[in-house]
Amino acid sequence: MDNKSVLVIVSASLAILVAVIFSPAFRTYMQGNAITADLVVKNAVIYTSDPSFPWAEAIAIRNNRILAVGNFSSMQELVGLRTQSLDLHGKIVVPGFIDSHVHFISGGLQIAQVDLHGVKSKVEFITKVEQAVNGMEKGHWVLGGGWNNDNWGGELPQASWIDNITHDHPVWLSRMDGHMGLANSLALAKAGIYGGSDDVVGGAIIQRNGDAAMQLLLPHIPEATVQKRRDAMIRASKLGLSRGVTTVVDFGRYFPGTSTRHVWDDFSEVYKWADETGHMLLRVCLFFPLETWPLVADALKASGRTLSQWLHIGGVKGFFDGSLGSNSALFYEPYADDEHNHGLHVADPDFLLDTVIESDKSEIQVAIHAIGDKANDMVLSINEALISRNGMKDRRFRIEHAQHLAPGAVDRFGKNGVIASVQPAHLLDDAISATKKLGEKRALQESYLFRSLLSSNTQLAFGSDWPVADLNPLKGIEAATERMPSDWQRPWIESECITMDAAVYAYTISAAFSSFMENDIGSLSPGKWADFVVLSKNLWNATILEDFPSVLATYVGGVQAYP
């Protein structure tokens, strides 16, 4: 073979090789054996909640998790033929918000019930109930809640307000905090409660002896069907996603005076069903009644904390006192508007201590509801006794609400690593009522000490307590940074306002840490679930309340979940 023939053969071979290398099939094969992103989010202003790189402009996502975070040029090597691109044109992106305290299915049910949030007068209250009754089949219960008597001067609602329009329907309407409610005369009769019964005033059941008074009536309210509860969970999830919430910590439908069975039924009949059938829309961390800690211990032994990407076992929750609005939060000094009342213990302190110690031995995270200054001090003492008995460890003991703290309490939170699970929106409701109930000096010294807690190195976990307050982290951030109740000209306790970074942190990575979920969510960091929110405006440029942004889109696992 002459040299010319060899040259032709070599040239042809090279041509074939080049054609193969640049063919779509070969590029697909090569990229199939390299790591490429499913989605690249670019041209964004991204707050990561990760202190190692707080700001970025692009995110690469693969298999629903974050592959890389940085500038767009650094993502080029991760772009393949099948990589999709999301250009956000300079919009702000933050991690998916975590609401650290909700009653999720209760809230979902209440969406379809009488909503009395924001009602400002007796006339408006009655009108709302009348609208609900119209067209309702005779004998059906009228359920709902959210009323706050402080909105119309403090007078408690009376059965006489609604008896003439609800004579064919038993009624139960809970106060916004869940620790008090209004029943009409028909509902009271069905429960065998009459004028001489303890703790019944004009049809409003008031828990002078704790929520025990509500035990008289609540068992007579028909239980929501499984389907209604499933619908409620989906309804609640869609609302959460529209507000940028990608994870909730659900404390269930349990209050003192109700059955602990409700929370476990919801776990098996609603959440497990949704997880197994593909109906979960956002992530849920579940806390169960403290009394049922052995069942939680069994569940943790069987499967650990993480049941799936959607379901996570948090721990147990107990109650120490009631609420400020119902004068049942426990204080050292009596209420200014009720001089013989200091509040109350909802549970026996010795029982709480013993049960908390046993739960902790089983590696169960413990959360305790405490609102009044004395209640918070006593729960802090329970934690200190727990440390003395079971030793130091990464237990992440939580106090839910931590609203009013006596001198010295803030330092005890930081010293012992106690998490303050707090709800910023509540301070807007309590700005007026706290002064009325505690007196101005005590209210200003003790109420919602967010900045002081942060200064003591306390982890803050922000939430809403929905449906007590609105499921809306952006409003919570606004409340924590501005502390400006409606129609006020100056912040309430301005010295306790916190920075924007701190507020977002408390709704993201700090909230994740507070429920042992920081390895999977809470920041836009490589390896974590790609949960993020696109905002309409720059949150950090919000100088007045009207500047606060809204949610444009919510992504869960890199998939658009809203709108």
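Which residue follows H7, and what is the sign of its phi? Gly-244 follows H7, and its phi is positive, near 85°.

This is a predicted model, in which local features need pLDDT of at least 70 and side-chain atom pairs count only at pLDDT 80 or more, while totals for chains, interfaces and linings use all residues. Residues are numbered from 1 along each chain as its sequence is written, and side-chain values use heavy atoms, leaving out hydrogens and water.

**View 1. Helix H7 and its cover.** Helices (H or I, at least four residues) and strands (E, at least two) are DSSP runs, numbered from the N terminus. H7 takes in residues 226-242, and its end C-alpha atoms are 25 Å apart, in agreement with the 24 Å expected for 17 residues at 1.5 Å a residue (1.5 Å times one less than the number of residues). Among its buried residues are Arg-229, Met-233 and Leu-241 (buried means under 20% relative accessible area, 1.4 Å probe, protein chains only). Their cover includes helix H3 (104-111), H8 and strand S15 (245-250).

**View 2. The largest nonpolar core.** Such a core joins buried Ala, Val, Leu, Ile, Met, Phe, Trp, Tyr and Cys residues through side-chain atoms within 4.5 Å. Here the largest has 102 residues, and Phe-104, Met-233, Phe-462 and Ile-477 touch the most other members. Helix H8 (residues 261-277) gives the most, seven residues. Apart from this core lies another of 18 residues, including Ala-44 and Tyr-555.

**View 3. Two cysteines.** Cys-285 is buried at 0% relative accessibility, and Cys-497 is buried too, at 14%. With a disulfide taken as a pair of cysteine sulfur atoms within 2.5 Å, the count is zero.

Note on methods. Buried means under 20% relative accessible area, exposed over 50%, partly exposed in between (1.4 Å probe, protein chains only). Contact means heavy atoms within 4.5 Å.
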